[in-house]
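Please take a moment with the sequence and the 3D structure below before reading on. The paragraphs that follow walk through a few places in the model, one after another.

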Amino acid sequence: MSVKQSLIELPLDLDQQRIPAHVAVIMDGNGRWAKNRGFPRIIGHQKGVDALKDLLRCCDDWGIKVLTAYAFSTENWGRPAHEVEFLMTLFERVLRRELEEMMTENVKIRFIGDLTVLPSSLQAQISHSMEKTANNKGIQFNIATNYGSRQEILHACHAIASLVKDNQIQLDDINEELFENHLYTNGLVNPDLLIRTSGEMRLSNFLLWQMAYGEIYVTQTLWPDFNREQFHQALLDYQMRDRRFGKLN
Ligand code: IPE
Ligand code: IPE
Ligand code: MG
């Protein structure tokens, strides 16, 4: 079996057997990063895209199978209109610009969240990128856009309730597996590690169900400054954790 060239780049102090299958990231601190430099907040968002690109590549290099990034929450609509508009345009522009490279790198893209209320040109670009990369066999890259866990859970409840109402399933058929199959993350393993940048100790409505037993790592680093070295530190910390899942060792 050929060793994937890039796995050779895995830092020697990381255990290849204990690399998380799924890493999720709350990319927080773009605004503060910009403010610290006297720039408008949107410059921070622009810089944040580069940090995400680097992380995606690093995850791929180090054998992580799934990366999920929180790009826009259901609560972020409450920001000033010009910031929201900038972000929507940025998502579309980046997606268009990066699609070919992601094809080359075999990345499979999926958007999670309620996409139906996004600008129609962004929705079209999202559909195009998901369809185009659907058969790629490399890293699974999920972008949470207009994502909120509570909305996701309610959405699943509605879907399941209609199945019951239409007699397609019985009440007793509702279990964890069926419920998970109705979340936006259906078919994916739950995150092993969630990283949040910029020091905030909260989930901000991200993957509430899926993170029931995920490990959380918070760094003070602001998102645009998050790099391979920081990610290395997060993985070292993760590999020290004793994941008991409620049991005893
Ligand atoms: C995260 O950075 C990006 C989005 C929420 C879109 P912020 O914009 O929240 O940056 P801070 O937290 O204000 O510094
Ligand atoms: C979480 O960051 C959402 C994203 C990173 C997309 P926020 O900046 O919106 O979260 P709060 O307001 O600090 O909880
Ligand atoms: Mg923030």
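**Two ligands and two helices**

An oxygen atom of ligand 1 lies 2.7 Å from an N or O atom in the side chain of Arg32, which is a polar contact, that is, a pair of N or O atoms within 3.5 Å, where within protein one atom must be able to donate a hydrogen and the other to accept it, and residues adjacent in sequence count only if both atoms are side-chain atoms. The backbone takes part too, for an oxygen atom of ligand 1 is 3.1 Å from a polar backbone atom of Asn30, and an oxygen atom of ligand 1 is 3.4 Å from a polar backbone atom of Gly29. On its own, ligand 1 has 380 Å² of accessible area, of which the protein covers 87%; such areas come from the Shrake-Rupley method with a 1.4 Å probe, and for residues only the protein chains shown count as cover.

This is a predicted model, in which local features need pLDDT of at least 70 and side-chain atom pairs count only at pLDDT 80 or more, while totals for chains, interfaces and linings use all residues. Residues are numbered from 1 along each chain as its sequence is written, chains are lettered from A and ligands numbered from 1 in the order in which they are written, and side-chain values use heavy atoms, with hydrogens and water left out.

Turning to ligand 2, a polar side-chain atom of Arg202 lies 2.8 Å from one of its oxygen atoms, a polar side-chain atom of Asp28 lies 3.1 Å from an oxygen atom of ligand 2, and an N or O atom in the side chain of Arg79 is 3.2 Å from an oxygen atom of ligand 2. Taken alone, ligand 2 exposes 390 Å², and the protein buries 78% of that.

Helix 4 covers residues 120–133, helices being DSSP runs of H or I with at least four residues, strands runs of E with at least two, both numbered from the N terminus. In helix 4, Leu122, Gln125, Ile126, Ser129 and Thr133 are buried, whereas Ser120 and Glu131, on the other side, are exposed; buried means under 20% relative accessible area, exposed over 50%, and partly exposed in between, with a 1.4 Å probe and protein chains only. The buried residues of helix 4 pack against helix 3 (81–104) and strand 3 (108–112), where contact means heavy atoms within 4.5 Å.

Finally, His158 is found in helix 5 (residues 149–165), and His158 is exposed, with a relative accessible area of 59%.

How values were computed: Expected span 1.5 Å × (residues − 1).
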